[in-house]
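Student: I would like to learn how to read a few features in a model. Can we take them one by one?
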Amino acid sequence: MTLQELLEKESLRFLLFGGKGGVGKTSNAAASALWTADHGRETLVISTDPAHSLSDSFDQNLSGGEVVPIKGARNLYGMEINPEKAYAEYKERTQQVDTSDMGPMGSMMGLDELTDMNAPGADEALAFSKVLEFIQECEYDLVIFDTAPTGHTLRLLGLPEMLDSFFGKVIKMRLRFSKMFGRLKSIFGRGDDKEDQTLDQLEQLKQNISQSRVELSDPTRTSFVIVMIPEAMAVAETERLLQSLYEFEIPTSHIIVNMIFPDIPDCTFCRARKSMQQQYLSQIHDTYDDFTVTEVPLFQHEIRGISHLNKLSTLLATGALAEGDQE
Ligand SMILES: Nc1ncnc2c1ncn2[C@@H]1O[C@H](COP(=O)(O)OP(=O)(O)O)[C@@H](O)[C@H]1O
Ligand SMILES: [Mg+2]
């Protein structure tokens with residue numbers, strides 16, 4: 001299936017772009033979104049990378065934490081997930097236990113870790129819970145995810161397992177607390193069931209993740225496009241990414257090899273770069289012969305704004321630059 005066929009596949013609901021930092025995930029996600037939107041599918045492109053670049057790509061501020069229409073395009077909406085806003089919403093929803101009330105006891109028991117926005121992975125976890133909402137609500141014909149660089153994405157995909165152990169920890173802690181709370185409640189006569197609500201919310205989150213994983217592993221609805229550049233490190237990174245895509249059964253059949261050096265006569269530097277890239281390119285074609293590999297040249301300029309993205313979009317889908325768009 002060509003990339004154009006994938007972009008135009010009727011049943012497709014979720015398209016994810018992933019790969020190493022700086023390889024062109026955002027540019028290719030944005031350009032693909034322009035194509036699908038332009039071909040009549042109401043498309044939401046959403047960035048889950050804490051190092052957002054979707055705003056730069058569309059040359060429009062998308063960091064407000066709300067879905068907004070993309071200017072200069074029809075049928076297209078965008079959003080960068082804003083971890084702070086997601087956190088505020090999360091706090092409001094869960095009305096979780098305020099550890100500051102418990103003084104040093106709360107932090108000793110590790111409760112800070114559960115509520116601290118700065119805990120490692122907390123922003124990604126929250127961004128991911130936002131992603132789950134979009135997967136479940138699915139108000140758009142197609143949702144395109146511009147995901148975080150490989151390492152982060154792997155952790156997000158592993159969230160259900162992570163949550164399992166996290167969850168186990170909470171339950172254990174709760175058991176330890178319940179005796180103490182029982183005693184405190186009887187002393188102060190103040191009954192409240194905030195911890196029960198927190199547990200319910202966690203249970204709900206776990207269910208949401210399991211449901212989303214069903215969606216994300218359905219090849220009729222989901223596809224993960226790997227973006228890479230023809231260099232050794234990118235090839236190694238792709239192997240790791242593929243391992244976890246297989247592990248979580250996320251369908252993947254397309255690779256975009258980006259930033260290929262053009263042929264420029266009399267440029268020794270370009271020739272050297274190109275011949276280095278060619279070795280990796282043939283390695284990529286050999287290794288991933290069951291994938292559709294789409295090659296994208298290095299443009300003269302950065303890819304920013306609708307008109308640049310449109311060029312990339314035409315190139316991705318049809319393999320050719322539009323008339324008069326020679327780079
Ligand atoms: N094919 C290309 N030719 C020229 N510049 C590119 C190309 N692809 C991406 N870029 C530029 O490279 C930078 C990184 O791309 P980006 O899409 O933001 O990568 P990522 O999202 O993977 O970090 C951006 O400035 C973008 O405009
Ligand atoms: Mg990016």
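Tutor: Start with exposure. Buried means under 20% relative accessible area, exposed means over 50%, and partly exposed is in between. This is a predicted model.

Student: Is Asp56 buried, partly exposed or exposed?
Tutor: Relative accessibility is 42% for Asp56, so this residue counts as partly exposed.

Student: Which residue does the Asp56 side chain meet in a salt bridge?
Tutor: A salt bridge here needs a side-chain nitrogen of Lys or Arg within 4 Å of a carboxyl oxygen of Asp or Glu. Asp56 pairs with Arg304, at 3.7 Å from N to O. The two sit in distant parts of the chain, 248 residues apart. Asp56 is in helix α3 (residues 54-58). Arg304 is in the loop between β8 (292-297) and α13 (306-318). With a relative accessible area of 33%, Arg304 is partly exposed.

Student: Which residues are linked with Asp56 in a network of salt bridges?
Tutor: Asp59 and Arg304.

Student: How many salt bridges does a search of the whole structure find?
Tutor: Six. One of them joins the side chains of Arg74 and Asp38 at 3.3 Å, N to O. This pair also links distant parts of the chain, 36 residues apart. Arg74 lies in the loop between β3 (68-69) and β4 (76-80), and Asp38 in helix α2 (residues 25-38).

Student: How do Arg74 and Asp38 read for exposure?
Tutor: Apply the cut-offs again. Arg74 has a relative accessible area of 53%, so Arg74 is exposed. Asp38 has 43%, so Asp38 counts as partly exposed.

Student: What distance separates N and O in the salt bridge of Glu215 and Arg221?
Tutor: The distance is 2.6 Å. Glu215 is partly exposed at 22%, and Arg221 is partly exposed at 26%.

Student: Now the metal. Which protein atoms are donors of the magnesium ion?
Tutor: For a metal, look at the donor atoms and where their residues sit. The magnesium ion is ligand 2, and its protein donors are OG1 of Thr26 and OG of Ser53. They lie 2.0 to 2.6 Å from the ion. Thr26 is in helix α2, while Ser53 is in the loop between β2 (43-47) and α3, so the pair ties together parts 27 residues apart in sequence.

Student: Are Thr26 and Ser53 buried or exposed?
Tutor: Thr26 is buried, with a relative accessible area of 9%. Ser53 is partly exposed, at 24%.

Student: Which residues come nearest to ligand 1?
Tutor: For a ligand, read the shell, then the polar contacts. Of the 18 residues around ligand 1, the nearest are Lys25, Thr26, Ser27, Phe299 and Ile303. By class, seven are nonpolar, eight polar and three charged.

Student: Which elements supply at least two residues of that shell?
Tutor: α2, β7 (254-260) and β8 each do. The largest share, three residues, comes from α2.

Student: What polar contacts does ligand 1 have with Asn258, Phe299 and Ser53?
Tutor: Take them in turn. A nitrogen of ligand 1 lies 2.8 Å from a polar side-chain atom of Asn258. For Phe299, a polar backbone atom is 2.7 Å from a nitrogen of ligand 1. For Ser53, an N or O atom of the side chain is 3.5 Å from an oxygen of ligand 1.

Student: How much of ligand 1 does the protein bury?
Tutor: Compare with the ligand taken alone. Ligand 1 then exposes 560 Å², and the protein buries 81% of that.

Technical notes
Residues numbered from 1 in each chain as written. Chains lettered and ligands numbered in written order. Predicted model: local features only at pLDDT ≥ 70, side-chain atom pairs only at ≥ 80, totals over all residues. Heavy atoms only, no water. Helix = DSSP H or I, 4+ residues; strand = E, 2+ residues; numbered from the N terminus. Buried < 20%, exposed > 50% of the residue type's maximum accessible area, 1.4 Å probe, protein only. Near = heavy atom within 4 Å. Polar contact = N/O pair within 3.5 Å; in protein donor to acceptor, adjacent residues only side chain to side chain. Areas by Shrake-Rupley, 256 points an atom, 1.4 Å probe, with all protein chains shown as cover. Nonpolar A, V, L, I, M, F, W, Y, C, P; charged D, E, K, R; others polar. Donors = N, O, S within 2.8 Å, 3.2 Å for Na, K, Ca; no water.
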